[in-house]
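This report goes through the strand pairing, the packing and a few loop positions of one protein chain. Please keep the sequence and the coordinates at hand while reading.

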Amino acid sequence: MEAIKSYENVVAFGRVSNSLEIIRKDIIKINKIAYIDKLIKEYEHILILASGDPCFYGIVEYLNRQNIVIEKIMPGISSFQYMMAKLGKSWQGANLLSLHGREENLDTIKEHKFSIILTDKDNSPSSISKRLYKMGIEGIIYAGFNLSYEDERIIKVNIGEALEDISPLSVVVVENAMD
């Protein structure tokens, strides 16, 4: 909160900026990561706010690829940490995957008791459940939607059962019964 209040220029992605309006009204809202390049050229020092852990499929990877100097990283709680805490399950040794804006092979799920998957609108919990069912994987899927927001919802179904995709903001946990 101190950083948000003290920095002259604060940039944040949509839902982050919306949730921080109570702290500061002049946050520069962005929707695309590429817009950061323009802002970095325009402002000497900026604070960039993104949700979750910036080092796990987050903004740090992009900034490093662009050779942008990062002075300090202050991570938030990642959605998978939050989800596993809500489920009361340990996640060491879990298979961590991101289908958020990318494709990954789901075969590794066969080899792990738990797999935690970041999703997007194209790789939704229902589509993941169907894919796993077709692969012959048995077990349980937990789908967490809008985690940490007022409309948070966590659903538990068997792999292959009908699952409503409530929001593109979701985390899937697969508990593999075949492990």
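Which residues of strand 5 are buried on one side, and which on the other? The model is a predicted one. In it, Phe 114, Ile 116 and Leu 118 are buried on one face of strand 5, while Ser 115 and Ile 117 are buried on the other. Five of the five residues of this strand are thus counted as buried. In a regular strand, side chains point alternately to the two faces of the sheet.

**The five-stranded sheet**

Strand 5 (114-118) belongs to an open sheet of five strands, ordered 4-5-8-6-7, with mixed pairing. The edges are formed by strand 4 (95-98) and strand 7 (153-158); each has a single partner strand, so one side of each is left without a neighbour in the sheet. On average, neighbouring strands here are turned by 15° against each other, direction ignored.

Strands of a sheet pair through backbone hydrogen bonds, in a parallel or an antiparallel manner. Both senses occur in this sheet, as its pairing is mixed. The table lists three of the pairs, with a residue pair for each.

| Strands | Sense | Bridges | Residue pair |
|---|---|---|---|
| 4 and 5 | parallel | four | Leu 97 and Ile 117 |
| 5 and 8 | antiparallel | five | Ile 117 and Val 172 |
| 6 and 8 | antiparallel | seven | Ile 141 and Val 174 |

Ile 117 therefore appears in two of these rows: Leu 97 stands opposite Ile 117 in strand 5, and Val 172 is the bridge partner of Ile 117 in strand 8. Strand 6 covers residues 139-145 and strand 8 covers residues 170-176.

Helix 5 (residues 79-87) packs on this sheet and touches strand 4, strand 5, strand 6, strand 7 and strand 8. The direction of helix 5 makes about 55° with that of strand 8.

**Nonpolar cores**

In soluble globular proteins, nonpolar side chains tend to be buried together. In this model the largest nonpolar core has 17 residues. Ile 109, Ile 117, Leu 132, Ile 141 and Val 174 have the most contacts inside it. At least two residues of this core come from each of helix 6 (125-134), strand 6, strand 7 and strand 8. Strand 6 gives the largest share, three residues.

Apart from this core lies another one, of twelve residues, including Phe 80, Leu 87, Ala 94 and Phe 114.

What does Val 174 touch, leaving aside its neighbours within four places in sequence? Val 174 is in contact with Ile 109, Lys 113, Phe 114, Ser 115, Ile 117, Leu 132, Ile 140, Ile 141 and Ile 159. Among these contacts is Ile 141, which is also the bridge partner of Val 174.

**The three-stranded sheet**

A second open sheet has three strands in the order 2-1-3, with parallel pairing. Strand 2 (28-30) and strand 3 (47-49) are the edge strands; each has a single partner strand, so one side of each is left without a neighbour in the sheet. The twist from one strand to the next averages 25°.

Strand 1 (residues 10-13) pairs with strand 3 in the parallel sense, over three bridges. Within this pairing, Leu 49 in strand 3 is the bridge partner of Ala 12. Helix 3 (residues 35-42) packs on the sheet and touches strand 1, strand 2 and strand 3. The direction of helix 3 makes about 150° with that of strand 2.

**Loop positions**

Is Ser 78 buried or exposed? Ser 78 has a relative accessible area of 2%, and the cut-off for buried is under 20%, so Ser 78 is buried. Ser 78 lies in the loop between helix 4 (59-65) and helix 5. Its contacts, leaving aside neighbours within four places in sequence, are with Gly 52 and Asp 53. The C-alpha atoms of Ser 78 and Gly 58 are separated by 9.9 Å, and these residues are 20 apart along the chain.

The loop between strand 6 and strand 7 holds Asn 146 and also Ser 148. Phi of Asn 146 is near 50° and phi of Ser 148 is near 80°. Each is a positive value in a residue other than glycine. With a relative accessible area of 9%, Asn 146 is buried.

Methods:
Residues are numbered from 1 along each chain as its sequence is written. This is a predicted model: local features need pLDDT of at least 70, side-chain atom pairs count only at pLDDT 80 or more; totals for chains, interfaces and linings use all residues. Side-chain values use heavy atoms; hydrogens and water are left out. Two strands pair if DSSP finds at least two bridges between them. Axes are lines fitted to C-alpha atoms, for helices over the stretch in contact, and angles run from 0 to 180 degrees between N-to-C directions. Contact means heavy atoms within 4.5 Å. A nonpolar core is a set of buried Ala, Val, Leu, Ile, Met, Phe, Trp, Tyr and Cys residues joined through side-chain atoms within 4.5 Å. Buried means under 20% relative accessible area, exposed over 50%, partly exposed in between (1.4 Å probe, protein chains only).
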